[in-house]
Amino acid sequence: MTRPQSYDEGPRLGAKLSGGRAQQGAARLDSFFILDVQETMKLIILENYVQASEWAAKYIRNRIIQFNPGPNKYFTLGLPTGSTPLGCYKKLIEYYKNGDLSFKYVKTFNMDEYVGLPRDHLESYHSFMWNNFFKHIDISPENTHILDGNAADLQAECDAFEGKIKAAGGIELFVGGIGPDGHIAFNEPGSSLVSRTRVKTLAMDTILANARFFDGDLSKVPTMALTVGVGTVMDAREVMILITGAHKAFALYKAIEEGVNHMWTVSAFQQHPSTVFVCDEDATLELKVKTVKYFKGLMLVHNKLVEPLYSMKETGAERRQSKKPYSD
């Protein structure tokens, strides 16, 4: 009985062909890989934080360039705060300074902001984003959107934020981080998985974790925040979640190997059609060995998302000569 040819045998099949037939076979296989990386949840495992940050920055860079933004076509990017994305932001700044990337036609929407903290406070997320990212790139201030935690009507501010996202055409790529308890943005354990932007009371674990930014003084840590909802992030066309460090290993386990659970809000993204989890080795310590081996075995495929690495120095014709790692 003849065994049907599988895609896993594609390279061997290509080796048996010659000339144009071999090239067609390779192209067909490559197209399958591209389709596969678009339609499955992806777990990208890098050796350390630096490598994970660089991979994430390359992904964002390629997405913006391949989108080909312009005055009538802005790329909309959702962004997080916290220590995890700092390495990614540093690489994006480097790409801008090298002339490889521009944010002139990018609109950003941040995930959250503390309630009651002055906008110019060193630990406000307004200050964080400007000091660590925005002031170092060519983005226009009017294209950056951060919730106002001092608005007279907080719920109206949240509703208006949702309206701004809708008016911008939705989020093309939402980048996020998580807490050790698996919360994304300030969607603490128990949050609705269809929630929208709203006022949220912070869990004690989050307050304790953030105390390091307020000289260890719990009395200085805000207890409420404005945050996008899980449903708000789920509406994005793509989601990339950065998870690094052994202290977040159990949260990654809950996100990848167990079912969807509102006590671990990051797990909701199992159901998103295009989610990329980017992590370092330390964050995989709670995963099964076979899970890690499975996803590491896909890295050759998943690296097609960042290889080749595109540059705005190239002409449009030069970029078109390279195969796109995903569709627009």
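Start by selecting strand S9, residues 238-243: this strand is mostly covered, with six of its six residues buried. Keep in mind as you look around that this is a predicted model. Now show the side chains of S9. Glu238, Met240 and Leu242 point one way, Val239, Ile241 and Ile243 point the other way, and all of them are buried.

**The neighbours of S9**

Next, add strand S6, residues 173-177. S6 runs parallel to S9, and five bridges join the pair. To find one of these pairings, click on Phe174, whose bridge partner in S9 is Val239.

Then add strand S10, residues 275-280. S10 and S9 are also paired in the parallel sense, over five bridges. Here you can pick out Ile241, which stands opposite Phe277 in S10. To see how the chain gets from S9 to S10, follow it through helix H9, residues 249-256; this β-α-β crossover is right-handed.

**An open sheet of three strands**

Now move to another stop and select S4, S8 and S7. In that order, these three strands form an open sheet with antiparallel pairing. Which strands stand at the edges? They are S4 (112-114) and S7 (198-201); each has a single partner strand, so one side of each is left without a neighbour in the sheet. Turn the view a little and you can follow the twist: neighbouring strands of this sheet are turned by 30 degrees against each other on average, direction ignored.

Zoom in on S7 and S8, the latter being residues 224-227. Four bridges hold this antiparallel pairing. One residue to click on is Val199, since its bridge partner in S8 is Leu226. Then bring in helix H6, residues 154-167, which packs on the sheet and touches both S7 and S8. The direction of H6 makes about 125 degrees with that of S7.

**A helix with two faces**

Select helix H10, residues 289-296, and show its side chains. Which residues of H10 are buried? They are Thr291, Val292 and Phe295. These three cover an arc of only 95 degrees around the axis, which puts them on the same side of H10. An α-helix has 3.6 residues a turn, so residues three or four places apart point the same way. Display the surroundings of this buried side and you will find strand S1 (42-46), H9 and H11, against which the buried residues of H10 pack. You have already met H9, in the crossover from S9 to S10.

Now rotate to the face of H10 turned away from its buried side. This face carries the exposed residues Val289, Lys290, Lys293 and Tyr294.

**Three loop residues to click on**

Go to the loop between S6 and S7 and select Ala185. Although Ala185 is not a glycine, its phi is positive, at about 55 degrees. Is Ala185 buried or exposed? Ala185 is buried, with a relative accessible area of 9%.

For a second positive phi, visit Asp215, in the loop between helix H7 (204-210) and S8. This residue is not a glycine either, and its phi is about 60 degrees. Asp215 is exposed, with a relative accessible area of 70%.

For the last stop, select Pro308, in the loop between helix H11 (299-302) and helix H12 (316-321). Look at the peptide bond that leads from Glu307 to Pro308: this bond is cis, with omega near 5 degrees.

Key. Residues are numbered from 1 along each chain as its sequence is written. This is a predicted model: local features need pLDDT of at least 70, side-chain atom pairs count only at pLDDT 80 or more; totals for chains, interfaces and linings use all residues. Side-chain values use heavy atoms; hydrogens and water are left out. Two strands pair if DSSP finds at least two bridges between them. Axes are lines fitted to C-alpha atoms, for helices over the stretch in contact, and angles run from 0 to 180 degrees between N-to-C directions. Contact means heavy atoms within 4.5 Å. Buried means under 20% relative accessible area, exposed over 50%, partly exposed in between (1.4 Å probe, protein chains only). A crossover is right-handed if, with the strands pointing away from the viewer, the path from the first strand over the helix to the second runs clockwise. The arc is that of the directions from the helix axis to the C-beta atoms.
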